[in-house]
Amino acid sequence: MTFDLDGHIMHAPITGTNGIVNAETIFRFSQEGDVVRASYAGGRVQFGELIGRVKGDALEFRYCQIDSDGNLDGGVSQCSLETRSDGALRIIVRFHREARGERGINIIEDVPAAWQE
């Protein structure tokens, strides 16, 4: 199965203990072919960008972000894409924050439609 992230608005309701993103962090995705991009902000993230490639149900991306304390971080993530039983998209993100040498897992999911109104 190939996933299309174009136009998806997502958040991270489940995060690792050392994760910076959270449920208040909103991701806005676009996709052209297999190239995926997203801008994100909110919660502890002042601003972030990611760019990567999707292949089937896998997504690999690099990211760069500035947190609310002004720290600049970046890293790489290996992800699994799946569709929840309610049809919403879920991304299981295994991140490596290179600047701090930290690893963790975040779950990013489609923002409920009611939030988008």
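**Figure 1. Arg90 and Glu109 form a salt bridge in this predicted model.** The closest N and O atoms of Arg90 and Glu109 are 2.5 Å apart. Because Arg90 lies in strand β7 and Glu109 in strand β8, the pair ties together parts of the chain that are 19 residues apart in sequence. Arg90 is partly exposed, with a relative accessible area of 24%, whereas Glu109 counts as buried at 8% relative accessibility.

**Figure 2. Arg97 and Glu102 make up another salt-bridge pair.** In this view the closest N and O atoms of Arg97 and Glu102 are separated by 2.2 Å. Is Arg97 buried or exposed? With a relative accessibility of 2%, Arg97 counts as buried, while its partner Glu102 is partly exposed, having a relative accessible area of 24%. Elsewhere, salt bridges that share partners join Glu82, Arg84, Asp86, Arg90 and Glu109 into one network, and the pair of Arg90 and Glu109 was the subject of the opening view.

**Figure 3. Arg62 pairs with Glu98 through a salt bridge.** Side chains of opposite charge can pair when their charged atoms come close. Here the closest N and O atoms of Arg62 and Glu98 are 2.8 Å apart. Which parts of the chain does this pair tie together? Arg62 belongs to strand β5 (residues 58-67), and Glu98 sits in the loop between β7 (89-97) and β8 (102-110), so the salt bridge ties together parts that are 36 residues apart in sequence. Both partners are described by the same word for accessibility: Arg62 is partly exposed, with a relative accessible area of 44%, and Glu98 is partly exposed, with a relative accessible area of 38%.

**Figure 4. Gly74 is a buried residue of strand β6.** The strand that holds Gly74 covers residues 72-83, and Gly74 itself counts as buried, with a relative accessibility of 16%. Which residues does Gly74 touch, once its neighbours within four places in sequence are left aside? Gly74 is then in contact with Tyr63, Cys64, His96, Arg97, Glu98 and Ala99; among them, Arg97 takes part in the salt bridge with Glu102, and Glu98 takes part in the salt bridge with Arg62. Leu50 and Gly74 are 24 residues apart along the chain, and their C-alpha atoms are separated by 9.4 Å.

**Figure 5. The whole chain, with one helix and eight strands, gives the setting for the close-up views.** Read along the sequence, the elements follow the pattern β-β-β-β-β-β-β-β-α. The radius of gyration is 13 Å, close to the 13 Å that the globule rule gives for 117 residues, so the chain is as compact as a globular protein of that length. Taken along the principal axes, the C-alpha atoms fill a box of roughly 35 × 30 × 25 Å. Buried residues make up 42% of the 117 residues, and the accessible surface comes to about 6400 Å², of which 49% belongs to carbon and sulfur atoms. Of the contacts between residues at least 6 apart in sequence, 33% join residues at least 24 apart. How many salt bridges does the structure hold? It holds seven, and the mean positions of the 12 positive and 18 negative charges of the chain are 5 Å apart.

Technical notes: Residues are numbered from 1 along each chain as its sequence is written. This is a predicted model: local features need pLDDT of at least 70, side-chain atom pairs count only at pLDDT 80 or more; totals for chains, interfaces and linings use all residues. Side-chain values use heavy atoms; hydrogens and water are left out. Helices (H or I, at least four residues) and strands (E, at least two) are DSSP runs, numbered from the N terminus. The radius of gyration is taken over C-alpha atoms; the globule rule is 2.2 Å times the number of residues to the power 0.38. Buried means under 20% relative accessible area, exposed over 50%, partly exposed in between (1.4 Å probe, protein chains only). Contact means heavy atoms within 4.5 Å. Accessible areas come from the Shrake-Rupley method with a 1.4 Å probe; for residues, only the protein chains shown count as cover. Lys and Arg count as positive and Asp and Glu as negative; His and the chain ends are not counted. The place of a charge is taken as NZ of Lys, CZ of Arg, CG of Asp or CD of Glu. A salt bridge is a side-chain nitrogen of Lys or Arg within 4 Å of a carboxyl oxygen of Asp or Glu.
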